[in-house]
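Please open the model in your viewer and keep the selection panel handy. We will go from stop to stop, and at each one I will tell you what to pick and what you will find there.

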Amino acid sequence: MNIIGVIAHQGHGSTAALISNGKLISAASEERFSRIKEDCNFPFQAIDSLLKDSKLELTDISALAFSWRPWISFLHQIPHAARNLKSFYQYAFMSREYNGQRSRAQKFRSMRSISREIKSRYGYTPRVHYIDHHLSHSMTAVCQSEFNNCLSFVIDGWGERHSCTVYKVTNGKHIKIATIPFKHSFGLYYSAITSYLGFRPEHDEYKVMGLASYGKNTYAKEFGQLFKNDSPKLNLDYFEHHKSSSGYESSKLHDLFGPESNLDFVSKSNIAKSAQLTLNNKVMEFIKRVSEKYPKQKACFSGGVFQNCVLNEHIRKSRYFQDCFFSPLSSDLGTSVGAAFVLNEKLGGPKKQTFHNLYLGSFFADNSIESTIRSSGLKYYRSKDICRISAQLLKDGNILGWFQGRSELGPRALGNRSILADPRNSKMCDKVNSKIKGRESFRPFAASVLSEDIDTYFEFPDDFRNYSFMIETLRVKDPAIRDFPAAVHVDKSTRPQFVSEKNNKKYHRLLRLFKEETGVPAVLNTSFNYSEEPIVESPKDAILCYKRGGLDYLVIEDFLVSRNELPDKYLLD
């Protein structure tokens, strides 16, 4: 039985996932093919890629799982409409700046008409099943965690009705035990601060998280006014998300903190710091109450709020749970996977469904790669030991585009679509930020570290060691500041990826050879893209990105690509 899971028309980027007989085969986001950042149109190109790579036709697909129930969402809005028709018209029918210019009503119509969209393109459509959004989030996390019995926390901007859902999972079966209404959303609280600070809400929250490390908690009193007493409920006087198509913060919030245009870097950093600490405290208060009611449990965490790796670090340190798993697919794109798993089980497929890595996207054969490079007009050289050459190039201060195997699903580059640099030079962070990524100087980079060496560099809050997905921050020890300062944030933290031979053999070899060259078992790793562009998917994308400048060399599988002839000292073969 083949099932495709989809999320689309939701504003956070559309994605498709394919499972076959209960096994996750492949998954990809539409933006990787359309080259439109967070493209939320129906993911036809992604589906075409999944089918082609799996040698399937759409007629081989038994069913399609869509991770949103638009009728439930629509019916939930009716009481709001009855209370205030004027604000409901603005809320429902005005186009939304951050949702592909669609209104909520247009989004609803698009979701309800996907069968017609599919049939008009393929001449056939499998039956479409609409799956609960938060259940889809949770199923993704639970399946990857391999926790058969656990609590599962889903916290995001909003689902069909709620901004938070907690499930008690017993032998894989989900029972809902707690919710928080949409209007009291932790996610939209953080989006309101993101908007107030001049960033793009529901998109740039990670910038606020990075900025917070530079600040002090000088606005604690003001942030205390944004919530009602000790409850998780927002003081809605300061917010607009519950009655506006695109608004997040009200004029009262601007009055509280003053005009954003008057804020300098220090003030913005301090507001970000207080915002982050408030998020930590409010989420922790909520999950503590749940953990006290259901003690001695393992716990999974998914939904967009748990993309906040600083929050995740605090949760793990709390020791509220026997073990924690933070989904690296916490954003909405991950619901395509979870919805497919939910439907697979509903239709009688295997109940024990797991997946372990995120290398789920496109793969390219060597002859296709070489043809693409040759047509580009760039110099290239095929090596029998590309990892050794790459390690030497990195040691000499070169910045590499690194393209290997299948692309990663999700927002993190995990060594297959990465930009790599030598982390020993503390100025390398600024160089990559300004020369290549074109982004704010306060934003940190991650470190990919050999799993054999992690105890030398990191302070661990518990026995967990599988930091493979850049979804949690860790405090570093002094040797990390000495050996890879470019990948350590100002607050002495990093968002690491531990690399073992098992989870990425070629990338592990590169790191091992870099350690042989330098004594340091780590590289600076960031996603292979320029600012506000999707991560590269194909060799063509990688070459176009390389041609724009900034990168010194491009490595695609065993091919080393250069603008000029390669110096003899790197010609090892």
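Select I7 and T15: T15, in strand 2, is the bridge partner of I7. Remember as you look that this is a predicted model. Now widen the selection to strand 1 (residues 2-7) and strand 2 (residues 15-20). Six bridges join these two strands, and they run antiparallel.

**The five-stranded sheet**

Bring in the rest of the sheet. In what order do its strands lie? The order is 3-2-1-4-5, in an open sheet of five strands with mixed pairing. At the edges you will find strand 3 (23-29) and strand 5; each has a single partner strand, so one side of each lacks a neighbour in the sheet. From one strand to the next, the twist averages 20 degrees. As a reminder while you look, the strands of a sheet pair through backbone hydrogen bonds, either parallel or antiparallel.

Next, highlight strand 4 (residues 63-66). Strand 1 is joined to strand 4 by four bridges, and the two run parallel. To see this pairing, pick V6, which stands opposite F66 in strand 4. Strand 4 is also joined by four bridges to strand 5 (residues 127-130), again running parallel. Here the pair to click is A65 and H129, with H129 being the bridge partner in strand 5.

Before leaving strand 4, show its side chains. Are they buried or exposed? A63 and A65 on one side are buried, and so are L64 and F66 on the other, leaving both faces of the strand covered.

**Helix 12 and its partners**

Now select helix 12 (residues 265-293) together with helix 13 (residues 309-318). Their axes are 10 Å apart, and the helices pack at an angle of about 40 degrees. That angle makes helix 12 oblique to helix 13. The crossing is right-handed. To display the contact, pick Q276, L279, N280, V283, M284 and I287 on helix 12, then V310, L311, H314, I315 and S318 on helix 13. Colour these residues by class and you will have seven nonpolar, four polar and no charged.

Keep helix 12 on screen and add helix 8 (residues 186-196). The axes of these two helices come within 11 Å and cross at roughly 175 degrees. Because angles over 145 degrees count as roughly antiparallel, helix 8 is described as roughly antiparallel to helix 12. On the helix 8 side, the contact is made by F186, Y189, Y190, I193 and Y196. On the helix 12 side, select I271, S274, A275, Q276, T278, L279, K282, V283 and F286. By class, this contact has 10 nonpolar, three polar and one charged residues.

**Along the chain to strand 9**

Which residue should you click in the loop between helix 12 and strand 9? Choose Q297, which lies in that loop. Its relative accessibility is 14%, so Q297 counts as buried. Leaving out residues up to four places away in sequence, Q297 touches C150, L151, K168, F321, Q322 and D323.

Move on to S302, in strand 9 (residues 298-302). At 1% relative accessibility, S302 counts as buried. Show what is around S302: beyond its neighbours within four places in sequence, the contacts are H137, S138, A141, F153, V154, I155, S327 and S330. If you would like to try the distance tool, draw a line from the C-alpha atom of S302 to that of V536; the two atoms are separated by 25 Å, with the residues 234 apart along the chain.

**Helix 21**

Select helix 21 (residues 539-547) and pick out its buried residues: P539, D541, A542, I543, C545 and Y546. What covers them? Among the covering elements are helix 1 (31-34), helix 15 (366-376), strand 12 (400-403), strand 20 (553-556) and strand 21 (559-562). Then click G549, just after helix 21, where phi is positive at about 100 degrees.

**A three-stranded sheet to finish**

For the last stop, select strands 15, 16 and 17, which form an open sheet in the order 15-16-17 with antiparallel pairing. Strand 15 (458-459) and strand 17 (493-494) are the edge strands, each pairing on one side only. Strand 15 is joined by two bridges to strand 16 (residues 474-476). To end the tour, click E459, which stands opposite R475 in strand 16.

Technical notes: Residues are numbered from 1 along each chain as its sequence is written. This is a predicted model: local features need pLDDT of at least 70, side-chain atom pairs count only at pLDDT 80 or more; totals for chains, interfaces and linings use all residues. Side-chain values use heavy atoms; hydrogens and water are left out. Axes are lines fitted to C-alpha atoms, for helices over the stretch in contact, and angles run from 0 to 180 degrees between N-to-C directions. Angles under 35 degrees count as roughly parallel, over 145 as roughly antiparallel, 65 to 115 as roughly perpendicular and the rest as oblique. A crossing is left-handed if the near helix is turned anticlockwise from the far one by less than a right angle, and right-handed if clockwise. Contact means heavy atoms within 4.5 Å. Ala, Val, Leu, Ile, Met, Phe, Trp, Tyr, Cys and Pro count as nonpolar, Asp, Glu, Lys and Arg as charged, and the others, Gly among them, as polar. Two strands pair if DSSP finds at least two bridges between them. Buried means under 20% relative accessible area, exposed over 50%, partly exposed in between (1.4 Å probe, protein chains only).
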